[in-house]
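I opened this notebook to record what I looked up, entry by entry, with the sequence and the coordinates side by side. I begin with the sheet and then turn to single residues and helices.

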Amino acid sequence: MRLLPAAALLCLLMSACSQPSEPTASAPAIPAAAASPAQAVLEASQRFGQLRSFQAHLQLRGPRTVEAGMTFVAPDRYRLETEAGAQTIINGTFFLQQAGEVRQVPVPPELLAQWRSPIPADTAAAELQVEDLGAETVGGQTTRKYRVRHASAAPDGMLYWINAAGLPVRIERQGQSNGQPFQATVTYTRFDDPTLQVALP
């Protein structure tokens, strides 16, 4: 079961670094407690998968600190902001820019699907254990915070913040990789922003 935040997969492609997007200026009302926290989390993930555009900022803390940025524009365009420069994925092709050259590398569809859906679309509410941790402010927005666990995921699961519009604005996961502890935090902004663009390299 994949409960690792989607944008954290950027660090598996390359070391990366970018600046986070500006936080939302207004603070909406406190999101109401859901009758079913598990259903609230699944519905937020489904809404996220329907977005036409967004930006994500990843901070990975562990044996080393990695920061990365990603811009998505539907239906199939991704821009990765890395310490080596910008990288682009369009229609399942990774345009890897290196040493003044551009190589085209295919990207597995299942990898891109993970970037669009923080929790797999086929997950049932009964498969999750979700605890409502109450209201918390993230980037100027008042959100509802949840702890999400799954039997085949890491014991601590992940933390999941949902805003008043029912969209995830932050996901945090702790675990171990090669025996070393890590913490991955992904912050999402600029939902359905029509000014976001991803051009061919």
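How many bridges join strand β1 to β11, and do the two run parallel or antiparallel? I looked this up with the caution that the model is predicted, and I found seven bridges joining β1, which covers residues 53-61, to β11, with the two strands running antiparallel. As one example of the register, I noted that Q59 has T185 as its bridge partner in β11.

**Entry: the whole sheet.** I then traced the strand order, which reads β6-β5-β4-β3-β2-β1-β11-β10-β9-β8-β7 in an open sheet of 11 strands with antiparallel pairing. The edges are held by β6 (101-106) and β7 (128-138), and because each has a single partner strand, one side of each is left without a neighbour in the sheet. From one strand to the next I have an average twist of 20 degrees. Helix α3, residues 109-116, packs on this sheet and touches β1, β2 (66-73), β3 (77-82) and β4 (85-90), while its direction makes about 80 degrees with that of β3.

**Entry: Q183.** I placed Q183 in strand β11, which spans residues 180-189. Is Q183 buried or exposed? I recorded a relative accessible area of 25% for Q183, and because the range for partly exposed runs from 20% to 50%, Q183 counts as partly exposed. Setting aside residues up to four places away in sequence, I listed Q59, L60, R61, E172, R173 and Q174 as the residues that Q183 touches. With one of these, Q174, the side chain of Q183 makes a polar contact to the side chain at 3.1 Å. For R173, which is 10 residues away along the chain, I noted a C-alpha separation of 5.7 Å from Q183.

**Entry: β3 and its two partners.** I looked at how β3 sits between its neighbours, and found that β2 and β3 pair in the antiparallel sense over five bridges, whereas β3 and β4 pair in the antiparallel sense over six. Within the pairing with β2, G69 has E81 of β3 as its bridge partner, and within the pairing with β4, R79 is matched with T88. Both connections are hairpins: three residues lead from β2 to β3, and two residues lie between β3 and β4. Which residues of β3 are on the covered face? I read Y78, L80 and T82 on the covered face, and R77, R79 and E81 on the uncovered one. I set this beside the general rule that side chains in a regular strand alternate between the two faces of the sheet.

**Entry: backbone oddities.** In the loop between β2 and β3 I came to P75, and the peptide bond that joins A74 and P75 is cis, with omega about 5 degrees. I also checked for positive phi in residues other than glycine, and noted N91 near 55 degrees and D192 near 50 degrees. N91 lies in the loop between β4 and β5 (93-98) and counts as exposed, because its relative accessibility is 59%. D192 is in the segment after β11, and with a relative accessible area of 40% I put D192 down as partly exposed.

**Entry: the core and helix α2.** The largest nonpolar core has 39 residues, of which V41, F54, I89, W115, Y146, V148 and Y160 touch the most other members. Helix α2, residues 37-49, supplies the largest share of this core, six residues. For I89, again without residues up to four places away in sequence, I listed contacts with D76, R77, Y78, L80, F94, V107, L112 and W115.

I tested the length of α2 as well: at 1.5 Å a residue its 13 residues should span 18 Å, and its end C-alpha atoms are 19 Å apart, which agrees. The buried residues of α2 are A38, A40, V41, L42, A44, S45 and F48. I took S45 as a closing case, since at 3% relative accessibility S45 counts as buried, and beyond its neighbours within four places in sequence S45 is in contact with S117, P118, I119 and Y160.

Conventions: Residues are numbered from 1 along each chain as its sequence is written. This is a predicted model: local features need pLDDT of at least 70, side-chain atom pairs count only at pLDDT 80 or more; totals for chains, interfaces and linings use all residues. Side-chain values use heavy atoms; hydrogens and water are left out. Helices (H or I, at least four residues) and strands (E, at least two) are DSSP runs, numbered from the N terminus. Buried means under 20% relative accessible area, exposed over 50%, partly exposed in between (1.4 Å probe, protein chains only). Contact means heavy atoms within 4.5 Å. A polar contact is a pair of N or O atoms within 3.5 Å; within protein, one must be able to donate a hydrogen and the other to accept it, and residues adjacent in sequence count only if both atoms are side-chain atoms. Two strands pair if DSSP finds at least two bridges between them. Axes are lines fitted to C-alpha atoms, for helices over the stretch in contact, and angles run from 0 to 180 degrees between N-to-C directions. A nonpolar core is a set of buried Ala, Val, Leu, Ile, Met, Phe, Trp, Tyr and Cys residues joined through side-chain atoms within 4.5 Å. The expected span of a helix is 1.5 Å times one less than its number of residues.
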